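Me: Please take one part of this model and go through it closely, setting out the cut-offs behind each term as you use it.

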Amino acid sequence: MTARPEAGTQPAWPVRSAYLAAPGFDAVMEQELARKGAGDLCWHGRLALSALPPVASLWAIDIWDAPERHAVPSIKGAARIMRGLQRNWAGYAPAMHRRSALITDALPPVRPKPVSFPSTPPDAHLGGWTLLAPDVLLLSPTKSTPFINGEVAFVENRTDPPSRAYLKLWEALYRLGRWPVAGETCIDLGACPGGWTWVAASQGAHVTAIDRAPLAGSIAALPNVTCRYESAFGLDPATCEPVDWLFSDIIAYPTRLLALAQRWITSGRAARIVMTIKFQGETDHDTAEAFAAIPGGRVLHLWHNKHELTFFWQRDGA
């Protein structure tokens, strides 16, 4: 990875974009940015600063697309600059924590509570800022997510789901602002132990769970869940009734998963797809980009993703 500067070290060039990596994924994001020609990077904690315009990073959990650098001799001066631009700001503080906290206190409060699913994401405008030095402020009035540093926290259900994988689907659907509802149908590929099936079924949709292994008993017993004990990869979409949602949290090689997604998209049997792309060992950036290039698709690194990405796809008119 590029050498990290000490606190107070700044790039000599104007900053035109900044990319925030999730904890532990700095190196993966740096590989991706190098492939996409993001230029030389100056690291500020997990925030990668670039002199070039923003590129479409799949691994950044937040992208600052309009950064500005300001000299700020005082805490009130920093807050005055931001308040003069807009109301809502979220700070990122890998260093100078006390001074950053004082600036935060001088700004209008932004204190989101954990999300109760289902709900839609905030529509209020949110900018990002950080201190590059005690008297140097970097801010961006616009960024890629309305979440503080790309983080999404939920009021968790610690009793009903059989695993914590449900949080990934909650986040995916929360970001979409859309989720399965009563009257809709879903297929969950590789459903065991049933966390994603539980998410959709708990909202009233009917779920057909596909896996050779059995689901947790409490999930399999739900009245709107049908279990089919077969291979997710062996299932022929052409033999299936059309569904509103296709879900997949399968552990599989990304290239094999790409072929699976393309088969379902070509079949026309699914209106929407949410699928986890999981990586073992080295990150397969080529396949990640192939997913992102699918018309109607989008790829994101969610806050609840590990070494994986989430693929979203929607059929035209869905």
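**Helix α1 and the helices after it**

Reply: The cover over the buried residues of α1 includes four strands, β1 (17–21), β2 (41–44), β3 (47–50) and β4 (60–64), together with the helix α8 (285–292), where contact means heavy atoms within 4.5 Å and helices (H or I, at least four residues) and strands (E, at least two) are DSSP runs numbered from the N terminus. The model is predicted, so that local features need pLDDT of at least 70 and side-chain atom pairs pLDDT 80 or more, whereas totals for chains, interfaces and linings use all residues. Residues are numbered from 1 along each chain as its sequence is written, and side-chain values use heavy atoms, leaving out hydrogens and water.

Helix α1 itself spans residues 26–35, and its buried residues (under 20% relative accessible area with a 1.4 Å probe, protein chains only) are Asp-26, Val-28, Met-29, Glu-30, Glu-32 and Leu-33. After α1 comes Gly-37, which has a positive phi, near 70°.

Further along the chain, helix α2 (residues 75–85) meets helix α3 (residues 97–105), with axes, fitted to C-alpha atoms over the stretch in contact, that come within 9 Å and cross at roughly 50°. The pair α2 and α3 is therefore oblique, since the angle is neither under 35 degrees, nor 65 to 115, nor over 145. On the α2 side, the contact is made by Ile-75, Ala-78 and Met-82, and on the α3 side by Arg-99, Leu-102 and Ile-103. The crossing of α2 past α3 is right-handed, that is, the near helix is turned clockwise from the far one by less than a right angle.

Technical notes. Buried means under 20% relative accessible area, exposed over 50%, partly exposed in between (1.4 Å probe, protein chains only). Axes are lines fitted to C-alpha atoms, for helices over the stretch in contact, and angles run from 0 to 180 degrees between N-to-C directions.
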